[in-house]
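Here are my notes on the model you sent round. I've kept them as numbered points so you can pick at them one by one.

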Amino acid sequence: MYQRFREWLSTLPLQRRVSYLTTTAVALAVAVSSLAGWVSVRASLYSSLDEELVEVASSLTAPTAQDLSNLGGLTERTLRAGNISVAAVRADGRVYYVPDEREHLVLGPEELAVARLHFGHSARSGETSDGAVYRIVAIPVPELGGVALVVGRPLGGTAAVLTSLLVVVATTGLVGVALAAGTGLAVARSGLRPVRQLSGEVERIAETKDLRPVDVSGAADVAVLARSFNDMVDSLAASRERQRRLIADAGHELRTPLTSLRTNVDLLIIDARTSMLKEGDRLAILGDVQGQLGEFTKLVGDLVQLARDEGEATPEPLDFRHVVTAALERARRRGPSLDFDVELDPFFVVGVSADLERAVTNLLDNAVKWSPPGGTVRVQLEGNRLRVADEGPGIAEADLPHVFDRFFRADTARTTPGTGLGLSIVAQVVHQHGGVVRAGRSAQGGAEFTMVLPGARSSEALEQPARS
């Protein structure tokens, strides 16, 4: 039953669901409080009536002890005047009534127990011989052992009071529930208005693909939700813009090598049919095609690196010196005529080893590319800073703000091999690891790149914040 109710409730709109739940909660609260109040009043009325009957019975014990068979000379007129009924019961079960009383109390085991125990008293709701409902109290007669005096009074008046009270409580409760339902509906409409607005904005974005943030007002939970939604929209918009720029830049950069490759392949196909090219020209074209395929392969690899989403790999504690050492091995193979002046202090980071090695390799490749034969590439890891400096021509002041842009190539670099993506990959990787990278001029006049990463000088210090 409860499961069906939950399933039915889940199919309702949020506003109706809130209204129904509010009304149900108020109805239950009103019902419980009303029932508790009615039961409390009923118990209080019965307790007061029992105390009154005990007092009446106590005043009749002395006359009853003098004349048990006639119950102290009581008559029906006397009983009617006091609105009571009186009887006595002995421990052996014999019952005494007022001689001229037409309707008698129907006694039970409670009254017999008082007579036999000769202690305490009993109080219960019972009946007379004509079926009228009475409140019946029994107390022992001190002067007579094994005898209990029983006094009863009709419950008609008390029942009428309780019935009237029940009608008032029920009517008041129904009115309260109705008011609560109306209030709940109004509160649901007002409270869920921001949710409806946010839902409308989500539908608008889904239909129009227009990633505009929604208006946020207040500081309630819905406002926090709206701000989180705006953060998501901003992230999606930035991702879309990066994707658009990447596609546009990649299309522009791929057009030139593809056109050149197609031209060279067309020449080779024509030569295969006509043999118009000399052997030296044919070898030159094949060498050009081979070189273009190499550049094309590197460009595709760089584009894949840039297009990869953040968080695909799991960061882990690393000794950054190992990352730099692995990148240096590659750089030495690519620049066998160069000297590498290396100074590495202990430094530990949390990151992706392959990405960081790719970034450091790109910096070293850039230094190898621009260093003159026999030059020196200086690599210094001091604290949280990695510096890579060369003795090449350096970077023009006008180009410094743009060296990390995608596909940017300075005027002096347009005739050299490269894709224009190496340094942008460095900037992306460093940013993903929470660091910064800067370009400048070295003391020897060449280019100098400084990579700053968050980390620690020891593995223990690196793990300490996570433990705490």
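1. Let's begin with the whole chain: among contacts between residues at least 6 apart in sequence, what percentage join residues at least 24 apart? In the protein chain that share is 62%. Keep in mind throughout that this is a predicted model.

2. Some bookkeeping next. The protein chain holds 12 helices and 12 strands. Of its 468 residues, 35% are buried. The chain exposes about 26900 Å², and carbon and sulfur atoms supply 57% of that area.

3. Now for one of the sheets. It is an open sheet of 5 strands, in the order β2-β1-β5-β4-β3, with antiparallel pairing. At its edges are β2 (95-97) and β3 (122-127), each of which pairs on one side only. Ignoring direction, neighbouring strands here are turned by 25° against each other on average. As a reminder, strands of a sheet pair through backbone hydrogen bonds, either parallel or antiparallel.

4. Have a look at β3 from the side. In a regular strand the side chains alternate between the two faces of the sheet. Which residues of β3 point to the buried face? Those are S122, R124 and G126. A123, S125 and E127 point to the other face and are not buried. I'd colour the two sets separately when you open the model.

5. The partner of β3 deserves a point too. β3 and β4 are antiparallel and share 6 bridges. One pairing to click on is S122, whose bridge partner in β4 is A138. The hairpin of these two strands has 5 residues between them, and within the hairpin G131 takes a positive phi near 90°.

6. Moving one strand over, β4 (residues 133-140) is joined to β5 (residues 147-154) by 7 bridges, and the two run antiparallel. Here I139 stands opposite L149 in β5.

7. Helix α6 makes a neat length check. How far apart should the ends of its 16 residues be? At 1.5 Å a residue, α6 (residues 193-208) should span 22 Å, and the end C-alpha atoms are indeed 22 Å apart, so the two agree. The buried residues of α6 are L198, R204 and I205. Viewed down the helix axis, these buried residues fall within an arc of 115°, so they line one face of α6. Just after the helix, K209 takes a positive phi of about 60°.

8. Another open sheet also has 5 strands, ordered β7-β9-β10-β12-β11, but its pairing is mixed. β7 (339-344) and β11 (436-441) are the edge strands, and each has a single partner strand, so one side of each is left without a neighbour in the sheet. The twist from one strand to the next averages 10°.

9. Inside that sheet, β9 (residues 376-382) and β10 (residues 385-389) pair antiparallel over 5 bridges. Q380 stands opposite R387 in β10. Helix α10 (residues 353-370) lies across β7, β9, β10 and β12 (447-452), and it runs at about 170° to β12.

10. Two loop residues caught my eye on backbone angles. N83 is not a glycine, yet it has a positive phi of about 55°. It lies in the loop between α3 (76-82) and β1 (85-90). Is N83 buried or exposed? Neither label fits, because its relative accessibility is 41%, which counts as partly exposed.

11. The other is H118, also a residue other than glycine, with a positive phi near 55°. H118 sits in the loop between α4 (109-117) and β3. At 29% relative accessibility, H118 counts as partly exposed.

12. Last, a histidine in a helix. Where is H431? H431 belongs to helix α11 (residues 422-432). Its relative accessible area is 59%, and the cut-off for exposed is over 50%, so H431 is exposed. The C-alpha atoms of H431 and V452 are separated by 9.9 Å, with the two residues 21 apart along the chain.

Notes. Residues are numbered from 1 along each chain as its sequence is written. This is a predicted model: local features need pLDDT of at least 70, side-chain atom pairs count only at pLDDT 80 or more; totals for chains, interfaces and linings use all residues. Side-chain values use heavy atoms; hydrogens and water are left out. Helices (H or I, at least four residues) and strands (E, at least two) are DSSP runs, numbered from the N terminus. The expected span of a helix is 1.5 Å times one less than its number of residues. Buried means under 20% relative accessible area, exposed over 50%, partly exposed in between (1.4 Å probe, protein chains only). The arc is that of the directions from the helix axis to the C-beta atoms. Two strands pair if DSSP finds at least two bridges between them. Axes are lines fitted to C-alpha atoms, for helices over the stretch in contact, and angles run from 0 to 180 degrees between N-to-C directions. Contact means heavy atoms within 4.5 Å. Accessible areas come from the Shrake-Rupley method with a 1.4 Å probe; for residues, only the protein chains shown count as cover.
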